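Please open the model in your viewer and keep the selection tool at hand. The stops below go from one side chain outward to the whole chain.

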Amino acid sequence: FQAEDGIRDVERSRGLGDVYKRQHMKVVVISASPRKIGKTQAIMKYVAEYMLDNDSGISPLEVKFINLSEGGIDYYTGDGNFSDATKEAIKNITEADVWIIGTPIYNSFFSSALKNLFEYIDYKKTAGKTAGLVIVASGNSGFADVQTLLTQLMSYFNVITNPRAVFVTADTVDNGKIINEDVNSRLNQLVDETLELARKVSND
């Protein structure tokens, strides 16, 4: 990945099948940790790379990566004035068919950086999207509570959420890499199921 202001853009399209197979699907992957070197960032980079490396061509994917640790997203004030990076993030989230969101748990809540980002999103423009959730914590408590909060947030935006969130403990990531194969497997499954859900929604 290489881009500025926390917005990363990678596009890969494969397959020349029938109309169904040529449907273009936009995905935004959000790493909601504000930490420069964080476990969530490593996990969500893996998610983005998995989608690109395993794109079967059924729905050619355009994947954008929003890394909130890189800054560039304004603190929401409601005055309508914000940076180009914030405008780009709004555009990417609003245009995406699928959101894959990863957040650490802070004080039994998802990150304030994520809440701030979604203050800019217009719920009137997001109905019918799908979302997959990844929740990261130092221990094994609080996952279900934060999943509920995130699912409620997605519901406000009329987004269909994959009910199988992935819970990850921080000790499964070391030196920027996931070191637990079970975590890799569960993340892969989340991506596959969420993309399949999006395809079904788009063809209803």
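Select Phe82 first, bearing in mind that this is a predicted model: the residue is partly exposed, with a relative accessible area of 27%. Add Tyr120 to the selection, which is buried, its relative accessible area being 12%.

How many aromatic pairs are there, counting rings whose centres lie within 6.5 Å? The count comes to ten aromatic pairs. In the pair of Phe82 and Tyr120 the ring centres are 5.3 Å apart and the planes stand at 75°, so this pair is edge-to-face, since planes over 60 degrees apart are classed that way. Now show the backbone around both residues: Phe82 sits in the loop between strand S3 (61-67) and helix H2 (84-95), while Tyr120 sits in the loop between helix H3 (112-118) and strand S6 (130-137), so the pair ties together parts that lie 38 residues apart in sequence.

Next, select Trp99, Phe118, Tyr123, Tyr156 and Phe157 together, which form one aromatic cluster.

Then move to helix H5 (residues 181-202), where Arg199 is found. Is Arg199 buried or exposed? Arg199 is buried, with a relative accessible area of 9%. Display its C-alpha atom along with that of Met25, and the two will be seen 8.5 Å apart, although the residues are separated by 174 residues along the chain.

Finally, select the whole protein chain, which has five helices and ten strands. Of its 204 residues, 48% count as buried, and its accessible surface comes to about 10100 Å², with 47% belonging to carbon and sulfur atoms. Among contacts between residues at least 6 apart in sequence, 80% join residues at least 24 apart.

Key: Residues are numbered from 1 along each chain as its sequence is written. This is a predicted model: local features need pLDDT of at least 70, side-chain atom pairs count only at pLDDT 80 or more; totals for chains, interfaces and linings use all residues. Side-chain values use heavy atoms; hydrogens and water are left out. Rings of Phe, Tyr and Trp (its six-membered ring) pair if their centres lie within 6.5 Å; planes under 30 degrees apart count as stacked, over 60 as edge-to-face and the rest as tilted. Helices (H or I, at least four residues) and strands (E, at least two) are DSSP runs, numbered from the N terminus. Buried means under 20% relative accessible area, exposed over 50%, partly exposed in between (1.4 Å probe, protein chains only). Contact means heavy atoms within 4.5 Å. Accessible areas come from the Shrake-Rupley method with a 1.4 Å probe; for residues, only the protein chains shown count as cover.
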